[in-house]
Amino acid sequence: MTHDASLQTLAALVVEASDNAVVVCGPDLRTLYVNPGFCRLMGYQLDDLKGKRPADVLAGPSTDLKALAAARDPERPANFRLELLVYTRTGQPLWVSITTNVVRDAQGRPQYICSMLSDITLTKVHEVLQHRVLDAMVHELSVAALMDLVCEEVERIAPELLCTVLDVDDFARLHPLAGPSLPVALGEALDGLPVGPQAGGGGAAAWTGAAVEVVDIAADPAWQDLLHLVLPQGLKACWSCPVRASDGTVVGVFALYFASCRGPSAFHRSLAGICVRLCALALERERARVRMERLVSVDMLTGLANRMALKSRATQLLEELAGKGAPMAVLCIDLDRFRLVNETQGPDSGDQLLRETARRLMGCVRSIDLTGRLGGDEFAVILPSCPVRQAAMAAERLLAAVAAPLVLPGVTLQPTASIGVAMFPDDGTDVDTLLHHADMARTQAKLGGRGGARFFNEEMQQRTRERVALEAALRLGLRDGGLRLHYQPQIERRSGSLYGVEALARWSHPQLGEIPPARFIPLAEEAGMVAELGRWALAEACRQMAQWRRQGLPVPRVAVNLSTRNFEEEGLVPMVAGLLDAHGLVAGDLTLEMTESMLLDATPSVLAALHALRAMGVHLSLDDFGTGYSSLSYLHRLPIHELKLDQSFVRDLADSATARALTNTILRIGDSLKLTVVAEGVENAQQAQLLAERGSTIVQGYLYGRPMPAQALAIWLAGNQQPT
């Protein structure tokens with residue numbers, strides 16, 4: 001054998017033994033030879049292709065025919081490389097890299113065309129899938145559509161497979177994301193199913209965190225509850241792989257189903273490995289998107305929808321209900337005395353109360369209802385398809401739920417709430433109007449005594465308009481001197497001498513005339529002006545007291561009513577000291593009155609201010625004593641000098657044994673604690689006599705003198721109008 005013949009024999013042996021697929025064609029592109037590697041890769045024998053063009057046999061539904069046409073172009077370079085999707089004899093798609101070389105004869109004419117085919121399916125699938133997934137992400141395709149895309153590509157590459165992707169939520173429950181070829185009933189059965197050993201292959205894989213291979217579904221314990229859904233569909237085996245986020249958390253499951261009892265091949269495993277990585281990328285991105293959405297739309301403390309999200313969802317509901325003519329109720333809910341919880345128990349307790357309130361509200365509503373936190377201690381519940389009667393019942397349920405005792409470390413809270421209700425469409429046709437009207441009704445509920453519910457009505461609307469106008473006028477009155485003080489004498493009953501005077505605010509409006517304190521004082525509280533009103537009254541009373549001193553008028557002291565907000569202000573003590581010093585007064589010239597409700601709101605900072613004022617020598621008086629509750633249990637905490645017996649007891653002295661008994665008790669309390677008791681509201685001689693019989697010493701009321709301007713008080717004193 002010649003040397004050339006030996007080389008040809010060696011080359012033929014190499015080609016025959018090569019794992020690469022080799023096909024040799026004549027100049028007409030018809031097959032002359034294929035090696036065993038080609039037969040193994042494509043499933044065709046030489047007899048199947050002999051005399052045929054390989055492209056005509058290997059091309060399939062998704063083969064790029066333009067690329068084939070270009071490869072046959074006579075102008076194309078003799079040697080070239082091409083990547084092409086072809087199909088095996090069994091119809092399985094296969095990506096191959098084709099390298100083609102032309103063998104010429106001695107005259108340079110094409111004699112043979114030799115092509116080598118390499119399987120690049122996995123590489124190409126990865127490339128195609130990654131490109132498609134990333135492109136879909138850029139175009140904000142939903143995660144479900146992304147997963148459908150992955151499954152469809154896998155099923156196209158491997159037609160013997162059915163593919164599905166399951167999501168695993170934060171509560172370890174399954175939710176189908178994709179499964180274009182799987183029965184809908186199977187997805188519905190899996191939706192919401194807790195992961196675990198009885199939740200099919202996917203549920204078991206999510207539970208164990210490892211791939212689960214089930215070669216015979218009918219005999220596997222994990223599938224027993226779902227056999228009626230899979231076996232009729234011809235699904236006999238399943239291979240499930242957990243999908244993990246970057247922190248190792250299982251966030252999903254990628255699963256392959258087979259129509260025969262078998263396990264995955266090496267190709268299937270490689271294909272699944274590619275898909276699991278892409279699924280992890282998509283699912284983790286989706287979780288990041290959901291987290292960002294939650295930051296935008298969810299109240300992070302309570303987990304409820306925030307104001308913006310609630311309004312957006314409620315607007316969608318309104319559009320749906322408007323077409324049906326169905327009603328909707330909007331409830332605004334506000335916790336009573338929440339500020340006190342924060343100040344006395346600390347912000348952590350306040351946060352716990354808010355979280356528990358949110359939980360209780362959610363426990364009282366239907367799945368179709370919306371619940372959100374509007375801000376602070378304000379919540380909203382929106383009830384679609386809810387008539388008035390049902391809304392009233394819902395409000396009662398919510399009030400009862402909120403009012404259940406809440407046990408916190410070191411304290412048991414007894415929370416209450418006030419609720420306002422507005423109805424669509426009667427009280428408004430848009431969300432902003434309904435929330436506004438519900439808030440008006442909530443304000444009225446709070447003013448009515450807290451712990452109750454009110455429905456919005458037109459009268460509230462009118463009162464609100466009037467209140468807004470009056471509030472603006474009151475602000476102006478505080479600035480331009482429209483308010484003034486009147487002074488009512490307080491008399492030492494036995495001697496008839498003047499004990500002191502109480503400064504009482506009065507407001508005369510240029511157009512509205514005299515506006516009673518019972519109207520503008522609550523308005524100042526609602527509008528946040530009550531502290532400013534108190535500061536004004538204190539400054540004006542000190543100025544007037546100094547003027548009386550200069551005039552030589554014998555006014556022992558002036559009493560000024562301050563709100564809880566005034567006592568909470570850090571600068572109260574230095575402000576009082578500064579006013580006394582500026583007007584040349586001594587501390588004993590001034591009495592500061594507080595309402596009994598402050599007993600319940602007496603925070604450490606308030607108590608510190610009271611002790612500082614008493615140490616300075618300022619008199620402290622507790623007004624309206626006996627009208628609140630839990631008074632005695634708190635009384636010892638306040639460093640006060642006097643109690644004021646509320647006029648409601650004095651008014652009923654002649655006709656009520658209870659009023660007489662309570663008056664006796666309060667006078668005895670004052671005597672025991674060495675506190676002066678001032679009986680206010682004394683209007684007739686009979687009341688004065690009954691008080692005298694019970695040992696009352698300081699009296700105040702119309703019987704002795706009405707509240708009067710400073711000039712009138714001077715005349716009253718000069719005329720010696722005090723009773724003797």
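# Exercises on a predicted model

Methionine 292 lies in helix α11. The model examined in these exercises is predicted.

## Exercise 1. A nonpolar surface patch

Determine whether methionine 292 is buried or exposed, and establish which residues make the nonpolar surface patch to which Met292 belongs.

**Solution.**

1. Begin with the cut-off: a residue counts as exposed when its relative accessible area is over 50%.
2. The relative accessibility of methionine 292 is 51%, and methionine 292 therefore counts as exposed.
3. The patch is made by Met292 together with Leu295, Val296, Met300 and Met308, and its area is about 540 Å².
4. Helix α11, residues 266-297, supplies the largest share of this patch, with 3 residues.

## Exercise 2. The sheet containing β1

State in what order the 5 strands of the open sheet containing β1 are arranged, and identify the edge strands.

**Solution.**

1. The strand order is β2-β1-β5-β4-β3, and the pairing is antiparallel.
2. β2 (31-34) and β3 (80-87) are the edge strands, since each of them pairs on one side only.
3. From one strand to the next, the twist averages 25°.
4. Within this order, consider the pair β1 and β5: strand β1 (residues 21-25) is joined to strand β5 (residues 110-119) by 5 bridges, and the two run antiparallel.
5. A register for the pair is given by valine 23, which stands opposite serine 115 in β5.

## Exercise 3. The mixed sheet

For the open sheet with mixed pairing, give the strand order, the edge strands and the register between β11 and β16.

**Solution.**

1. This sheet has 5 strands in the order β12-β13-β11-β16-β17.
2. Its edges are β12 (370-375) and β17 (453-455), each of which pairs on one side only.
3. The average twist from one strand to the next is 20°.
4. The pairing of strand β11 (residues 328-335) with strand β16 (residues 417-424) is antiparallel and extends over 8 bridges.
5. The register can be read from isoleucine 333, which stands opposite isoleucine 419 in β16.

## Exercise 4. Two hairpins

Describe the hairpin of β6 and β7 and the hairpin of β18 and β19, naming in each the residue that has a positive phi.

**Solution.**

1. Strand β6 (residues 161-168) pairs with strand β7 (residues 174-178) over 4 bridges in the antiparallel sense.
2. Valine 168 has leucine 174 in β7 as its bridge partner.
3. There are 5 residues between β6 and β7, and in the turn alanine 172 has a positive phi of about 60°.
4. In the second hairpin, β18 and strand β19 (residues 498-509) pair over 9 bridges, again in the antiparallel sense.
5. Leucine 485 has alanine 505 in β19 as its bridge partner.
6. The hairpin of β18 and β19 has 5 residues between the strands, and the residue with a positive phi, near 80°, is glycine 496.

## Exercise 5. The surroundings of β18

Explain why strand β18 is described as largely enclosed, and identify the bridge partner of isoleucine 491 in β26.

**Solution.**

1. A residue is buried when its relative accessible area is under 20%.
2. In strand β18 (residues 483-492), 9 of the 10 residues are buried, so the strand is largely enclosed by the rest of the structure.
3. Besides its pairing with β19, β18 is joined by 2 bridges to strand β26 (residues 698-700), and these two strands run antiparallel.
4. The bridge partner of isoleucine 491 in β26 is valine 699.

## Exercise 6. Sidedness of two helices

Determine which residues of α21 and of α26 are buried, and why the buried residues of each helix lie on the same side.

**Solution.**

1. Recall the geometry: an α-helix has 3.6 residues a turn, so residues three or four places apart point the same way.
2. In helix α21 (residues 572-582), the buried residues are Leu572, Val573, Val576, Leu579 and Leu580.
3. Because these residues cover an arc of only 130° around the axis, they lie on the same side of α21.
4. Pro574, Asp581 and Ala582 are exposed on the other side of α21.
5. In helix α26 (residues 685-693), the buried residues are Gln687, Ala688, Leu690 and Leu691.
6. The arc that they cover around the axis is only 165°, which puts them on the same side of α26.
7. Ala685 and Glu693 are exposed on the face of α26 turned away from its buried side.

Terms used
Residues numbered from 1 in each chain as written. Predicted model: local features only at pLDDT ≥ 70, side-chain atom pairs only at ≥ 80, totals over all residues. Heavy atoms only, no water. Patch = residues over 30% accessible without salt bridge, like charges linked within 9 Å, V, L, I, M, F, W, Y side chains within 5 Å. Areas by Shrake-Rupley, 256 points an atom, 1.4 Å probe, with all protein chains shown as cover. Salt bridge = Lys/Arg side-chain N within 4 Å of Asp/Glu carboxyl O. Buried < 20%, exposed > 50% of the residue type's maximum accessible area, 1.4 Å probe, protein only. Pairing = 2+ DSSP bridges. Axes fitted to C-alpha atoms, helices over the stretch in contact; angles between N-to-C directions. Arc of directions from axis to C-beta.
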